[in-house]
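Let us take a friendly walk through the side-chain contacts of a protein. Have the structure open beside you and look up each residue as we come to it.

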Amino acid sequence: MTALQPADTLRNRWELAHYWGMLGYAIASGFSITLSQTALVVSLIGLIGMRGHENADKVKAPFLPAYYAFTLAGILSLFNAVDLGRGIIEMKKFLMILVMLIPLWSPLSIIKKRNVLGTCVVIGALSGLSAILSTIYFMLIKKGDFRGEGFFSLPLTMGETQLLFLILSLAWLEAEESNPRIRWGVFFAGILQFFGMVFAYTRGAFIGFLAGVIILFRQNIIKILGILGISLLIIAASGDYFRPGQQTLVFSESVAEGSFKGNLRWGIWKNGIELLTKCPIFGVGMNNIKPLYKKLLEEKPEYPDREIYGHLHNNYLQYLVMTGIVGFFTFCWFLWEVLRFGISIERSATPGSWEQKMARAIPALWIAFLGTGLTEYSYGDEEVAMLAFFLVGLIASIVLQKKPAVDLPIPEIVK
């Protein structure tokens with residue numbers, strides 16, 4: 001057996017850091033944003049170290065020009081910010097693209113990447129179970145809102161992350177996994193993820209689920225009707241348990257004193273349009289909606305809606321108001337380019353292969369994520385956006401990888 005040279009030993013250490021960082025993100029993705037970000041930093045450092053020891057080709061990322069334009073729009077919006085410090089800090093969100101590029105540019109072998117993907121499925125199931133248990137606990141203590149939170153602070157985040165885990169599991173089942181143990185494991189994980197999503201009872205997750213299922217099973221209308229029919233019955237029947245006395249399937253009414261009478265989100269969106277008229281081209285500035293709205297209330301004490309929110313519960317209106325018409329078009333351009341990228345990957349894969357079938361998950365995950373943004377600011381919920389970015393990058397990397405890298409020994413826990 002040939003002894004490893006010092007350069008090879010160092011490269012293997014970088015690879016272990018990169019691999020365990022990716023696994024660390026997968027483990028923490030359903031539980032902790034801080035641990036998730038820490039793991040990704042470790043993985044990025046390992047990836048940079050690996051790239052320094054080899055001449056590996058990076059997968060082309062055709063969506064990057066759109067993302068650069070979107071970032072520039074964010075910078076231009078800061079000139080209108082009433083709280084510049086708040087806007088500058090918010091610019092860190094543009095580092096989100098690294099969450100997609102780390103797995104996309106990973107030179108790890110396919111088996112290691114599948115290990116990471118499988119870990120996401122397992123953690124999604126455990127996270128779903130935690131949401132179910134938290135709901136049972138809330139019912140026992142007679143808390144007013146029974147929606148499951150799991151290990152997150154809000155049901156919104158819980159429901160949307162469960163949605164993404166669920167779409168991943170459905171795609172894996174649709175890919176006709178040959179190993180029966182894995183197939184049954186993914187099936188039961190999907191059951192827990194589905195009920196984790198239902199128990200969180202988040203309208204954005206339900207909208208995303210509807211969109212994602214349609215895209216994933218677009219070639220089989222019977223499956224679409226069957227899955228959505230059963231799911232919608234369960235969601236509708238459980239509404240009175242999780243949101244007693246509220247308009248669970250549409251828009252909840254605002255009950256805050258002095259608020260705009262009517263549906264809560266309609267009032268928030270109305271306020272957003274009011275703010276947009278002040279800076280329509282470049283927007284009011286990143287994360288400057290709340291301070292600007294406070295300023296508006298000071299100037300207009302007779303303004304009917306006195307509720308103050310930090311965001312507008314809608315991805316598209318949020319970036320339209322924050323970055324103006326310029327930012328809105330670059331934002332939509334980026335979203336469209338990622339979707340086109342996902343579709344092109346499916347077409348480039350070997351017909352009938354597991355990878356080609358798994359590639360269908362990319363547009364389904366992305367559309368599901370975009371669907372959540374119709375009623376929530378899911379792009380601003382870093383746990384949700386990071387998971388969508390990571391899964392898209394990881395699945396794309398698995399499908400596009402031409403040849404397996406040399407494997408390091410895989411610990412038994414992740415085999």
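A residue is called buried when its relative accessible area is under 20%, exposed when that value is over 50%, and partly exposed in between. By that rule Y319 is buried, because its relative accessible area is 1%. Please keep in mind that this is a predicted model.

## Rings that meet

A pair of aromatic rings is described by the distance of the centres and the angle of the planes. How many aromatic pairs are there in this model? The count comes to 32 aromatic pairs. One of them joins W172 and W354 in an edge-to-face arrangement, with 5.7 Å from centre to centre and 65° between the planes. W172 belongs to helix 7 and W354 to helix 14, so this pair ties together parts that are 182 residues apart in sequence. W172 is buried at 4% relative accessibility, and W354 is buried as well, at 12%.

Now go back to Y319, which forms an edge-to-face pair with Y379: here the centres are 5.5 Å apart and the planes make an angle of 85°. Y319 sits in helix 13, while Y379 is found in the loop between helix 15 and helix 16 (382-400), and 60 residues separate the two. Y379 is buried too, with a relative accessible area of 2%.

## Charges over rings

Rings can also have a charged neighbour. The ring of W354 has the charged end of R114 sitting over it, 4.2 Å from the ring centre. In the case of Y19, the charged end of K112 sits over the ring, 5.7 Å from its centre.

## Salt bridges

How many salt bridges does a search of the whole structure find? The search finds eight. Three of these pairs are set out below, with the distance from N to O.

| Acidic residue | Basic residue | Distance, N to O |
|---|---|---|
| E174 | K223 | 2.7 Å |
| E174 | R360 | 4.0 Å |
| E337 | R340 | 3.4 Å |

E174 appears in two rows, so let us start there. Is E174 buried or exposed? E174 counts as buried, because its relative accessibility is 16%. Its partner K223 is partly exposed, with a relative accessible area of 34%. The other partner, R360, is buried, and its relative accessible area is 16%.

Where do these partners lie along the chain? The salt bridge between E174 and K223 links distant parts: E174 is in helix 7 (residues 155-174) and K223 in helix 10 (residues 221-242), 49 residues apart. In the salt bridge of E174 with R360, the partner R360 lies in the loop between helix 14 (354-359) and helix 15 (361-372), and the two residues are 186 residues apart.

E337 and R340 give another picture. Both belong to helix 13 (residues 315-348), and because they are three residues apart there, about one helical turn separates them. E337 is buried, with a relative accessible area of 11%, whereas R340 counts as partly exposed at 45%. As for networks, salt bridges that share partners join E174, R218, K223, E346 and R360 into one.

To look back, helix 7 is a good place to begin exploring on your own: it holds W172, which pairs with W354 of helix 14, and E174, which is linked to K223 of helix 10.

How values were computed: Residues are numbered from 1 along each chain as its sequence is written. This is a predicted model: local features need pLDDT of at least 70, side-chain atom pairs count only at pLDDT 80 or more; totals for chains, interfaces and linings use all residues. Side-chain values use heavy atoms; hydrogens and water are left out. A salt bridge is a side-chain nitrogen of Lys or Arg within 4 Å of a carboxyl oxygen of Asp or Glu. Helices (H or I, at least four residues) and strands (E, at least two) are DSSP runs, numbered from the N terminus. Buried means under 20% relative accessible area, exposed over 50%, partly exposed in between (1.4 Å probe, protein chains only). Rings of Phe, Tyr and Trp (its six-membered ring) pair if their centres lie within 6.5 Å; planes under 30 degrees apart count as stacked, over 60 as edge-to-face and the rest as tilted. A charge sits over a ring if NZ of Lys or CZ of Arg is within 6 Å of the ring centre and within 35 degrees of the ring normal.
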